[in-house]
Amino acid sequence: GFTVSVFKAGLNFPTGIAFRGDKRNFEVYVLESGHGLPSTCNEQSQFGSGDFDPNNPFTPDVLVFDANGKLLRKLGKPSATGGFQPAGPAVDIAFERGLQGGRLFATDSNQATHAQGQNNSSRIVTVDPDSGVVKPFITGLPTGDHPTEQLAFKDNWIYWSQGSTTNSGVVGRDNGGGAN
């Protein structure tokens with residue numbers, strides 16, 4: 001009894017989706033990650049005028065669509081005065097009260113691969129669903145190979161997943177009797 005169809009094509013690395021409204025009248029909020037991992041092909045600082053170019057496809061943003069897939073507005077694009085962190089990735093987005101809206105939360109970071117070693121750039125932010133103003137909510141969360149990621153809400157509490165700082169195993173020290 002279900003059919004699958006494309007709602008919107010041509011998105012740039014969407015990683016999160018949230019809805020506000022009801023089944024007759026709703027908006028779709030799509031979080032585009034930017035890129036997260038640098039390479040010569042997608043380094044955000046090398047596109048256009050760089051990190052704060054409003055048309056840079058390699059920096060995070062939120063695209064808001066109506067129920068028919070018409071773009072209504074773009075939110076949170078990095079700028080010299082605010083927005084998401086330009087190096088990304090931005091991973092998840094959610095309204096605190098689901099379809100009823102409330103505050104719109106998102107996770108972002110400046111991935112450790114853009115810095116020397118581990119950093120504490122992951123954060124949870126609020127995004128004004130109309131103006132796009134991004135405000136830090138929780139900052140200084142660890143970032144390594146995996147930043148702050150998924151969001152969930154229950155009973156006025158916010159929950160999030162916090163990735164590990166490395167994919168690499170940690171080798172124990174050998175005391176002469178084998179690894180610890």
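This report walks through the strands, sheets, buried polar residues and nonpolar cores of a predicted model.

## Overall picture

Let's start with the whole chain. The protein has ten strands and zero helices, so anyone reading along the sequence meets the pattern β-β-β-β-β-β-β-β-β-β, with strands taken as DSSP runs of at least two residues. Of its 180 residues, 41% are buried.

The accessible surface comes to about 10,300 Å², and carbon and sulfur atoms account for 53% of that area. Contacts across the sequence are worth a look too: among those between residues at least 6 apart, 46% join residues at least 24 apart.

## The sheet from β1 to β4

One open sheet holds four strands in the order β1-β2-β3-β4, and the pairing is antiparallel. Its edge strands are β1 (residues 14-21) and β4, each of which pairs on one side only. From one strand to the next, the twist averages 20 degrees.

To see this pairing on your screen, try β1 and β2. Seven bridges link these two strands in the antiparallel sense. Within this pair, I17 stands opposite V30 of β2.

## The sheet from β5 to β8

A further open sheet of four strands runs in the order β5-β6-β7-β8, again with antiparallel pairing. Here β5 (90-95) and β8 (134-143) are at the edges; each has a single partner strand, so one side of each is left without a neighbour in the sheet. The twist in this sheet averages 20 degrees from one strand to the next.

Strand β7 (residues 119-127) is a good one to follow. Five antiparallel bridges pair β7 with β6, which spans residues 104-108, and six bridges join β7 to β8, also antiparallel. V127 shows both pairings: L104 has V127 as its bridge partner in β7, while V127 has V134 as its bridge partner in β8. Elsewhere along β7, V125 stands opposite P136 in β8. Most of β7 is covered, with eight of its nine residues buried.

The connection between β7 and β8 is a hairpin, with six residues between the two strands. In that turn, G132 has a positive phi of about 85 degrees.

## Two buried polar residues

Which charged-type side chains might you want to click on? D108 and K77 are both described here.

D108 sits in strand β6. Its relative accessible area is 0%, so D108 counts as buried, the cut-off being under 20%. The side chain of D108 makes a polar contact of 2.7 Å with the side chain of R123. A polar atom of the D108 side chain also lies 2.9 Å from the backbone nitrogen of Q85. Leaving aside residues up to four places away in sequence, D108 touches F84, Q85, P89, A90, S121, S122, R123 and V125.

K77 is found in the loop between β4 (71-75) and β5. Is K77 buried or exposed? With a relative accessible area of 15%, K77 is buried. The side chains of K77 and D61 are joined by a polar contact of 3.1 Å. Beyond residues up to four places away in sequence, the contacts of K77 include D53, P54, N56, T59 and P60, as well as G82, G83 and F84.

## Nonpolar cores

In soluble globular proteins, nonpolar side chains tend to be buried together. Which residues have the most contacts inside the largest nonpolar core? They are Y29, V62, F84, I93, L104 and V127, and this core has 15 residues. At least two of the core residues come from each of β2 (26-32), β3 (61-66), β5, β6 and β7. The most is given by β5, with three residues.

There is also a second, separate core, made of six residues. Among them are A94, I124, L141 and I158.

## Tying it together

Some residues turn up in more than one of these views. V127 bridges to V134 in β8 and is among the residues with the most contacts in the largest core. F84, listed with V127 in that core, touches D108 and K77.

Definitions and conventions
Residues are numbered from 1 along each chain as its sequence is written. This is a predicted model: local features need pLDDT of at least 70, side-chain atom pairs count only at pLDDT 80 or more; totals for chains, interfaces and linings use all residues. Side-chain values use heavy atoms; hydrogens and water are left out. Two strands pair if DSSP finds at least two bridges between them. Axes are lines fitted to C-alpha atoms, for helices over the stretch in contact, and angles run from 0 to 180 degrees between N-to-C directions. Buried means under 20% relative accessible area, exposed over 50%, partly exposed in between (1.4 Å probe, protein chains only). A polar contact is a pair of N or O atoms within 3.5 Å; within protein, one must be able to donate a hydrogen and the other to accept it, and residues adjacent in sequence count only if both atoms are side-chain atoms. Contact means heavy atoms within 4.5 Å. A nonpolar core is a set of buried Ala, Val, Leu, Ile, Met, Phe, Trp, Tyr and Cys residues joined through side-chain atoms within 4.5 Å. Accessible areas come from the Shrake-Rupley method with a 1.4 Å probe; for residues, only the protein chains shown count as cover.
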